Amino acid sequence: MIRTFRTNKIRKTTCLSGSLWEFSPCSGEWKGKVYPVAVPCCWESLPDFSAYRGVGVFTKKFEAKGTIRLVFKGVSHTARVCVDGKEMGSHYNAFTPFSIVVKGLEEGCHKLEVYADNTFSEASALHVPNDYMSYGGISRGVVLEELEDAYIEYVHAVPIKEEDGWKVRTAVKVNSVSDEEKTYKLIVQVEGQPAVAEEVILKGGEDVIVEKVISSEDVEVWEMENPRLYGISAVLSAEEPVDDLIDRFGYREVRVDGKDILLNGKKIRIKGFCRHEDHPMYGCALPFAAIEQDLQIAKDLGANAIRTSHYPNDELFLDLCDEQGIWVWEENHARGLSEEQMRNPNFERQAEDCIREMITAHMNHPSIIIWGILNECASETEYGYECYKKQYELIHQMDDSRPRSSASCKFKTDLCFGLPDIVSYNIYPEWYHDAPTGEYLADLYNWVQTDSEGKGKPFLITEIGAGAIYGYRTPAMCKWSEEYQAKALENQITAVLGQEGCSGIFIWQFCDVRISFEWFSNRPRTMNNKGIVDEYRRRKLSYDVVKRLYHSYSDYR
């Protein structure tokens, strides 16, 4: 399963995931042994490979002829793709999609091999031992597409609210896979509005982007109470239809006004969770039902938002958030990188590629209301400032319809608050230090508003919380007990949502998650244990506290 809706009617597609593949490790005592596995798959979920670092190859036979496109929604960390023994392409980064076009296949059976690599090295600037698990495998869906001489790579729809109504800024990218110049007709249709047509002349191997602004009448806005989605389709024809692509979007406006974040003109109050893609049975390859269960739990807790810490998420998750009116902060892949790590010669290219791939793939999702970058990286340094500046500018170039932010942990030392639209802080009073949350937060907020370049901007708490080991209960209310976590969260949530000028909170975190065993630092069970539920989604005592408090505050300020 790739999306929650049908994306093509003309293009022939076959889902290669959701079926058995063959997996074989490329090193260690099991080298060469073949295991049947269901893809998506993190090999850490297999009996012999819970701590395997290395390269593994996933193999699948398929029937095809002519030109095909292989679409991968996520391979961790890096991928090398071979067809019939010949390398056809590669990709860096576990959390963004990529595709590979293969031309001239003879009719018959062919062999697909995907070499996944979850090792750490200087070549990988973003994948480092960290406070979450770096899994290995094909962690998201795979699709085989049969192409004609040209295909549509994406169709973007950005809604624009103007005084006289709504408009949709569309962009359709068309790619030639032919060696000859050909002329096509491109028809773009926004649901409920007249279609528009454009002649497209493509030279061999060329790609073009066709942009149109379409006026829209009699539309419903996308909002939490009524998450109305509209389809947008693009059809490419020569004498007959050649290709098509269908996507969805929502008419909604997100903007910043002084210290407020506005959704369709309303001041929003974020009551959210930070959530890792992690499950003890599936690793980061969560199936659809498990993703939906997480969202059901979050909604029961009274949450209206999820932060995709610390990487772009599976598009199935975003589809579900679109459909259920859940707000999303989505960020590029980076957590806690020092200046030295950011000086890795691969860092800027890899971080910026992640932004490009994230926004290109996820532009249309109305649930995404904030783009984030570089969680807790070296924003207190001059070098870090230049990196943040470049990445913020890149986001704005690609999408100027959403505000930008980054979660900082640099207490009164961050140099970058003049760059984003929203100032965001990760703080842990009553956990890593004993200061009362209200005093600590008020002091920090006053500094932001008086002594930093973040003055006058919206303010968010993007991480706050306390750890608890599921089942450890004591009247002494020691740290790591469920009782202490519940007390700390009550104090923290009350202080944050009561802080004047604060637009909301993302609790760290939704569920307990596995961490990289190479990184281990003050983490019992080699887990980050700050979840409101444990890794199996069992409730801790803090569950009822969070639920009571979140439901007591409205979604709008």
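The following legends describe close-up views of a predicted model.

**View 1. The largest nonpolar core of the predicted model.** This core comprises 75 residues. Within the core, Phe273, Tyr425 and Phe459 have the most contacts. Helix α6, spanning residues 437–451, supplies 6 residues, the largest share of this core.

**View 2. A second nonpolar core.** Separate from the largest core, this second core consists of 31 residues. Among its members are Leu46, Leu70, Val75 and Val142.

**View 3. The salt bridge between Arg53 and Glu518.** In this pair, the closest N and O atoms lie 2.6 Å apart. The partners belong to distant parts of the chain, with their positions 465 residues apart in the numbering. Arg53 is located in the loop between β4 (41–42) and β5 (55–72), and Glu518 in the loop between β33 (513–514) and β34 (527–528). Because its relative accessibility is 18%, Arg53 counts as buried. Glu518, by contrast, counts as partly exposed because its relative accessibility is 36%.

**View 4. The salt bridge between Glu323 and Arg248.** The N to O distance in this pair is 3.0 Å. Glu323 lies in helix α2 (residues 315–324) and Arg248 in strand β20 (residues 241–249). The bridge thus links distant parts of the chain, 75 residues apart. With a relative accessibility of 30%, Glu323 is classed as partly exposed, whereas Arg248, at 16%, is classed as buried.

**View 5. A network of salt bridges that includes Arg248 and Glu323.** The network links Arg3, Lys73, Asp247, Arg248, Glu315, Asp319 and Glu323. Both residues of the preceding view, Glu323 and Arg248, are therefore part of a network as well as of a pair. Side chains of opposite charge can pair when their charged atoms come close.

**View 6. The salt bridge between Asp260 and Arg557.** The closest N and O atoms of this pair are separated by 2.9 Å. Asp260 is part of strand β22 (residues 260–263), while Arg557 lies in the segment after α8 (542–552). These distant parts of the chain are 297 residues apart. Asp260 has a relative accessible area of 13% and is buried; Arg557 has a relative accessibility of 35% and counts as partly exposed. In total, the structure holds 50 salt bridges, including the bridge between Asp260 and Arg557.

Note on methods: Residues numbered from 1 in each chain as written. Predicted model: local features only at pLDDT ≥ 70, side-chain atom pairs only at ≥ 80, totals over all residues. Heavy atoms only, no water. Core = buried A, V, L, I, M, F, W, Y, C linked by side-chain atoms within 4.5 Å. Buried < 20%, exposed > 50% of the residue type's maximum accessible area, 1.4 Å probe, protein only. Helix = DSSP H or I, 4+ residues; strand = E, 2+ residues; numbered from the N terminus. Salt bridge = Lys/Arg side-chain N within 4 Å of Asp/Glu carboxyl O.
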